[in-house]
Amino acid sequence: MTPRLAVKDLSVRFGTDEGEILAVDRMSFSVEPGEVLALVGESGCGKSVTAMSVLRLLPSIASVSGSILLDDTELTTLSTAEMREIRGRDISMIFQEPMTSLNPSFTIGFQIGEVLRRHEGMSRRQARERAIELLELVRMPAPRSRVDEYPHQLSGGMRQRVMIAMAVACSPKVLIADEPTTALDVTIQAQILDILRDLRARVGTSIVLITHDLGVVADIADRVEVMYAGHKVESGPVDDLFANPQHPYTVGLLGAVPRPDLAGGIQVRLQEIPGLVPVLRSEPEACVFAPRCVRATAECREAMPPLELLQPRQHAACFHPGSRVADYSEGVSA
Amino acid sequence: MSENVLEVRQLKKYFSLPRSSGGTVHAVDGVDLTIGQGEVVGLVGESGSGKSTVGKCIVRLLEPTEGTIRLQGRDITTASRRQLRGVRTEMQMVFQDPYSTLNPRMTIGDIVAEPLQLHKLARGRELDTKVAGLLDKVGLASHLRHRYPHELSGGQRQRAGLARSLSVEPSLLVADEPVSALDVSVQAAVLNLLMDLQRDMGFSCLFIGHDLATVEFLCDRVAVMYLGRIVEEVNTTDLFRAPKHPYTQSLLSAAVVPDPKLQRTRQRIVLQGDIPSPINPPTGCTFHTRCPVAQIPLCSDTSPALTDVTGRSHFASCHLITADGTAPDVTHSQTTENAWSKN
């Protein structure tokens with residue numbers, strides 16, 4: 001199957017007053033039609049920057065290199081006007097903060113309708129009717145009256161539903177969801193995840209899910225890419241990766257989440273990963289995780305481990321892969 | 001249990017809205033809570049449940065509307081500001097946001113030293129040694145005491161906040177979502193630290209949170225709040241193994257588990273709608289508007305009392321829990337309604 005979205009060797013650099021920062025370094029991934037791919041990592045790992053660069057939403061201080069193919073269209077070389085045609089129609093995005101990404105001075109019906117008027121050439125009236133249908137689709141209570149309300153009149157969960165309605169208005173090929181449930185309560189999170197699941201099943205939309213929540217990944221993703229300091233450190237199908245993680249960072253992340261259901265209900269300590277995520281200035285010559293890694297040897301500090309196929313469908317960039325729990329007990333402060 | 005460190009009785013906190021909109025927010029509506037010596041009690045609920053308001057009333061950052069708060073047997077509900085100063089060495093709070101709760105103009109060392117100076121607990125060289133000891137205890141390198149908050153990471157700031165709160169050796173620590181703003185690996189480190197400190201120093205702790213796994217990991221006993229009331233309260237093991245209240249059952253089933261096989265096979269209850277407004281809370285049982293098993297008119301007419309449903313200190317407030325403590329079966333009542341199929 002040809003991938004719907006294929007990103008190859010994507011690098012993103014930011015020019016700042018304190019010199020250049022390498023936010024994403026030679027990142028490659030692809031998403032099949034109807035697939036849910038999760039980009040996982042902690043703050044500063046470059047997962048949001050990756051998403052923004054696919055949509056070409058980064059500020060001008062960012063320099064992006066590499067290739068981003070949507071079906072057969074190379075997005076990196078499109079003009080601003082051409083890109084505008086693609087955004088919202090073929091690729092759309094849901095942001096983490098539904099409050100700051102909706103315009104407070106327009107009704108939600110107007111904002112959802114804007115996409116339809118722009119891309120589908122609908123009249124105001126048609127767009128409003130379709131907006132009501134879309135609000136029904138995302139299970140907004142009383143959509144016919146809500147459509148004329150302003151964002152401040154809605155709860156966080158409802159705002160996120162509006163964002164999703166906007167994003168799926170044109171049945172996009174690819175939906176990028178950046179921490180779509182992070183700001184929400186668990187019962188609302190469950191509702192939103194259900195909506196995304198239905199969307200994928202019904203429209204065949206490919207979803208790139210950006211999150212730090214491994215529970216959400218376990219719930220909805222088909223495949224996972226784990227990122228650390230702008231690099232892909234591990235990737236694989238969700239079941240394999242959770243059952244048998246290979247990279248020590250993945251092992252550490254999984255061990256850091258409280259799981260009292262394991263170990264017979266008595267969990268004594270969580271796994272810590274001492275140290276901080278480094279800020280990269282230039283392409284690293286050694287493993288980026290080595291300074292925090294208990295498995296690190298001289299080899300790790302001298303060369304960058306390539307991404308290798310370790311299990312049938314699982315890749316990891318590590319000289320000492322394996323799913324054994326690393327001993328992080330002698331921790332430095334986080 | 002000998003002496004309770006904290007005893008909260010019928011705590012209520014109402015906020016009046018501006019006259020233009022009118023009405024009253026029933027943020028906390030009759031909460032009873034006790035915390036024993038060295039006990040860690042979790043208070044969980046979704047946003048708007050009133051859990052943070054309970055915490056702020058206990059440390060008297062908010063004035064309770066009704067009810068009593070006893071700390072070490074002493075009624076502090078109406079203690080004056082001057083009297084409260086003495087109480088502050090007995091209870092301290094750690095806040096969620098490590099970015100806005102440290103004074104940006106003070107060094108970490110000064111921030112940690114300030115309570116000790118205010119309460120005249122140490123001075124001069126002794127103060128110096130104590131601060132160094134505290135920083136060491138929370139795992140901050142000694143050179144960080146001369147740094148300013150903006151130079152620290154989120155995890156380090158939260159450690160500094162803990163050092164400040166624990167400097168006066170309080171008997172009660174109220175921790176309001178202390179790890180929610182942190183990354184997973186940093187969260188783990190701060191949770192481990194909090195657990196170690198609690199074990200070493202023996203303070204009691206009210207841990208306010210929304211993440212059930214964190215609460216299960218850390219707490220001895222858990223109280224679940226919904227719309228300003230406690231709907232279930234029991235020791236941690238029983239709460240997670242045999243939740244009684246339909247809300248607790250739904251909350252537990254909605255929480256995602258980082259295990260794809262388990263997560264995708266387990267029975268999930270997806271509650272419909274949002275938490276109702278605390279301005280006009282629903283009549284009767286406040287959960288009846290979202291409850292999958294609510295029996296109208298029973299549940300919408302009468303408010304159920306929080307009672308011991310098993311005879312082993314398992315408190316829950318639901319009309320549908322039978323006399324022998326059998327909980328209503330929420331999982332089989334679920335109608336899986338699919339919005340897409342309606343189109």
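A residue is called buried if 20 or more other C-beta atoms lie within 10 Å of its own, exposed if 12 or fewer, and partly exposed in between, with C-beta atoms placed from the backbone. Helices (H or I, at least four residues) and strands (E, at least two) are DSSP runs, numbered from the N terminus. This is a predicted model, in which local features need pLDDT of at least 70, side-chain atom pairs count only at pLDDT 80 or more, and totals for chains, interfaces and linings use all residues. Residues are numbered from 1 along each chain as its sequence is written, while chains are lettered from A and ligands numbered from 1 in the order in which they are written.

Start with helix 4 of chain B, residues 124-137. The helix has 14 residues, so at 1.5 Å a residue (times one less than the number of residues) it should span 20 Å. Its end C-alpha atoms are 20 Å apart, which agrees. V131(B), L134(B) and L135(B) are buried in this helix. Seen down the helix axis, its buried residues fall within an arc of 95° (taken from the directions from the axis to the C-beta atoms), so they line one face. They pack against helix 3 (108-118) and helix 5 (154-166) of chain B; contact here means C-beta atoms, placed from the backbone, within 7 Å. The face turned away from the buried side carries exposed residues: R125(B), E126(B), T129(B), G133(B) and D136(B). Just after helix 4 of chain B, G139(B) takes a positive phi of about 80°.

Now look at the strands of chain B. Two strands pair if DSSP finds at least two bridges between them. Strand 1 (residues 4-16) runs antiparallel to strand 2 (residues 24-36) of chain B, joined by 10 bridges. F15(B) has V25(B) as its bridge partner in strand 2 of chain B. Strand 1 of chain B also runs antiparallel to strand 4 (residues 66-71) of chain B, with 5 bridges. There, V8(B) stands opposite I69(B).

Turn to chain A. An open sheet of 8 strands has the order 6-7-8-3-9-10-12-11, with mixed pairing. Strand 6 (91-94) and strand 11 (308-311) of chain A stand at the edges with a single partner strand each, so one side of each is left without a neighbour in the sheet. Inside the order, strand 9 (residues 223-228) and strand 10 (residues 231-237) of chain A pair in the antiparallel sense over 6 bridges. V226(A) has E234(A) as its bridge partner in strand 10 of chain A.

Technical notes: Contact = placed C-beta atoms within 7 Å.
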